[in-house]
Amino acid sequence: MSTKPLAETSKFLSYVLRHEPQSIGLTLDREGWASIDALIAAAALHGRALDRALIEQVVITSDKKRFSISEDGSSIRAVQGHSTPTVSIRMEEKTPPAVLYHGTATRFLESIRQQGLLPGSRHHVHLSEDAQTSTSVGQRYGQPVVLSIAAATMHGQGHRFYQADNGVWLTANVPVDFIDFAPANRGQR
Ligand code: HQG
């Protein structure tokens, strides 16, 4: 299979499983699960041909392991990145490593210096254990810049952290005091 239908299908699945399930008349439960049969039927009604094999290929090949299929094989969900208010995935709180990274674009820095990191339309601020990944996340919005977050210190002061099934770290917001704007930006880490 060429990668084009996979990439397109991955985008489509991200859209309906994270953001706008109602756009194809699909319902997600609170944990974000959709029946795969219902997803295929709803997509077909909206002119997108999906089948189980294609969906499974997308899940397996997703570089960021964005989706998971339930143990009984009947349902699919995005593991993180949601903006739809109908979903609230239960996640175990976890103690983060000393430092986590956040990739952003230079044009957002002034606002981040004033407000800290905010989740935007998603449910959480997304953080990564490695600076490399953060660089590519930041690149999506312009000139990338990587911020170091004093995660363990934050956690020690009562901020909650969660880790999604794909390893992405999540927290509600990052106050500016915990953000190091300087060293990681030059990429020596
Ligand atoms: C920025 C991708 C101004 C923030 C990635 C980011 C990730 C502020 C943008 C996942 C701000 C939001 C999430 C403030 C934060 N002022 N800008 N106070 N606080 N921002 O896409 O973290 O490929 O919602 O820095 O791998 O970029 O979709 O979040 O640039 O895990 O699977 O506002 O999406 O995964 O952008 O990315 P996003 P994100 P997928």
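Start with Ser111. An N or O atom in its side chain is 2.5 Å from a nitrogen atom of the ligand. Keep in mind that this is a predicted model.

Two arginines come next. Arg140 has a polar side-chain atom 2.5 Å from an oxygen atom of the ligand. Arg18 also puts a polar side-chain atom by a ligand oxygen, at 2.8 Å.

How much of the ligand does the protein bury? Alone, the ligand exposes 780 Å², and the protein buries 86% of that.

Now, where does the ligand sit? It sits in the largest pocket. Two elements give two or more residues each to the shell around it: β4, residues 99–105, and α4, residues 109–115. Of the elements, α4 gives the most, with three residues.

Let's look at the whole shell. It holds 17 residues. Ser111 and Arg140, which we have just met, are among the closest, along with Arg66, His102 and Tyr141.

What classes of residue make up this shell? Six are nonpolar, six are polar and five are charged.

Last point: the domains. The shell draws on both domain 1, residues 3–78, and domain 2, residues 100–185. Each of the two supplies at least three residues.

So much for the parts. To recap, the ligand is in the largest pocket, with 17 residues around it.

Conventions:
Residues numbered from 1 in each chain as written. Predicted model: local features only at pLDDT ≥ 70, side-chain atom pairs only at ≥ 80, totals over all residues. Heavy atoms only, no water. Near = heavy atom within 4 Å. Polar contact = N/O pair within 3.5 Å; in protein donor to acceptor, adjacent residues only side chain to side chain. Areas by Shrake-Rupley, 256 points an atom, 1.4 Å probe, with all protein chains shown as cover. 1 Å grid on protein atoms, 1.4 Å probe; cavity = no way out; pocket = protein on both sides within 12 Å on 5 of 7 lines; lining within 4 Å. Sits in = over half its atoms within 2 Å of the grid points. Helix = DSSP H or I, 4+ residues; strand = E, 2+ residues; numbered from the N terminus. Nonpolar A, V, L, I, M, F, W, Y, C, P; charged D, E, K, R; others polar. Domains from an automatic or database assignment.
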